[in-house]
Amino acid sequence: MPELPEVETIVRQLRPKLAGQRLLLVELLDDKLSLPVGEEMVGSTVVVVERLGKQIALNLRTTDGNRWLVFHLRMTGSLIWSAGNKPVEQKHLRAILSFEKGKLLFYDLRRFGTIILGNSRDEVSPKGLEPLSSGFTPERLGSLIANSRQVLKSWLLRQDRLVGIGNIYASEIPFTARLSPHRPVNSLSINELRQLHRAIVSVLELSIEHRGTTFSDYRDSTGKKGGFQKLLRVYGRDGKPCPSCGTIIQRTVIGQRSTYFCPTCQPAG
DNA sequence: CTCGGAGCCTGTCTGC
DNA sequence: TGCAGACAGGCTCCGA
């Protein structure tokens, strides 16, 4: 489910709601979630809310130093902010974090989502580079790609190189870059590398502007759907005409995952 | 080191 | 209508 634009949307919404609030109670409703929430956590204060790759991270100031409480939504997780004491939907509810002014509700149908607690930002951060950071340049992309024989689609999903891209944007980005998802990344020319770099940044930024993509389950922290699904150009559109040239969009499987592309705009080889 | 496949879960949808 | 099988936005682990 949530990739970088969706998680960024949630983080931007939660930041003003949670900043400065005291955590009063943590309730875990799923045996799969095991969180070493010690005494010092109760009464801790939210310092900042940040996106770390596809994770939502709360930095908490406790009596025993700062901690990072980190949510990963995986396929079907959502984090919903519920103000005051409104009644709460119970279906698929996996955890409740109660704050002074409301509750942070963690829902997760397929139960792949995780909550972890760490002692430092480094400890909980993914290894890959943030594609919307100033350090992400065409040159840097080139060095990340160097030596990899993986095909473009699979490479874009690697969180140890570049964080935040999931299966939807791993189809949309190659389309925008006019590159075949089957291209081995070490075969890209300098110009193609620039096109790819531009596509990664522009697709992610445009999606954030539209509060992310809701293909089926994704909801933002207010329970609303995203808006970018109206702007998807290839993902989920197999059998329909390419918005650029009219050729029928094709679906294939790369690395066990659905992949969509226009055979005319994104010619192989 | 790299890469591809199985597995983790629960639900919806399609075709027989 | 019933049922089996495919498929779903992510990631880890294992073996080649």
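Analyst: Let's start with a definition: on a 1 Å grid over the protein atoms alone, a pocket is an open set of points where a 1.4 Å probe fits, with protein on both sides within 12 Å along at least five of seven lines, and its lining residues have an atom within 4 Å of a point. This is a predicted model, where local features need pLDDT of at least 70, side-chain atom pairs count only at pLDDT 80 or more, and totals for chains, interfaces and linings use all residues. Residues are numbered from 1 along each chain as its sequence is written, chains are lettered from A and ligands numbered from 1 in the order written, and side-chain values use heavy atoms, with hydrogens and water left out.

User: Which residues lie nearest the centre of the second largest pocket?

Analyst: Thr-76, Ser-78, Lys-91, His-92 and Tyr-107 do, out of 13 lining residues. Strand S5 (77–83) and strand S7 (102–108) each give two or more residues to that lining, and S5 gives the most, with 3. Strands here are DSSP runs of E with at least two residues, and helices are runs of H or I with at least four, numbered from the N terminus.

User: What makes up the volume of about 260 Å³ in that pocket?

Analyst: A volume is the space filled by probe spheres set on the grid points, which are joined across faces, edges and corners. For the second largest pocket, that space comes to about 260 Å³.

User: Why is Gly-77 called buried?

Analyst: Buried means under 20% relative accessible area, exposed means over 50%, and partly exposed is in between (1.4 Å probe, protein chains only). Gly-77, which sits in strand S5, has just 2%, so it counts as buried.

User: And why is Ser-125 buried, while Val-26 is partly exposed?

Analyst: Ser-125 has 19%, so it falls under the cut-off and is buried. Val-26 has 22%, so it lands in the in-between class, partly exposed. Val-26 is part of strand S1 (residues 23–28). Setting aside neighbours within four places in sequence, Val-26 has contacts (heavy atoms within 4.5 Å) with Leu-35, Val-37, Ile-96 and Leu-97.

User: What makes helix H5 largely enclosed by the rest of the structure?

Analyst: Of the 9 residues of H5 (residues 169–177), 8 are buried, so the label fits. Among them are Tyr-169, Ile-173 and Phe-175. The buried residues pack against helix H1 (4–18), helix H4 (152–156), helix H6 (190–209) and strand S10 (257–261).

User: How do you know which residues surround DNA strand B?

Analyst: A residue is near a strand if one of its heavy atoms lies within 4 Å of it. The residues around DNA strand B include Lys-32, His-92, Arg-149 and Arg-161. Sugar and phosphate make up 62% of the atoms of DNA strand B that come within 4 Å of the protein.

User: What makes the pairing of His-92 with a phosphate oxygen a polar contact?

Analyst: A polar contact is a pair of N or O atoms within 3.5 Å; within protein, one must be able to donate a hydrogen and the other to accept it, and residues adjacent in sequence count only if both atoms are side-chain atoms. A polar side-chain atom of His-92 is 3.1 Å from a phosphate oxygen of DNA strand B, so the pair passes. An N or O atom in the Arg-161 side chain is 2.8 Å from a phosphate oxygen of that strand, and a polar backbone atom of Arg-149 is 2.9 Å from one. Inside the protein, the side chain of Ser-125 reaches the backbone oxygen of Arg-121 at 2.7 Å.
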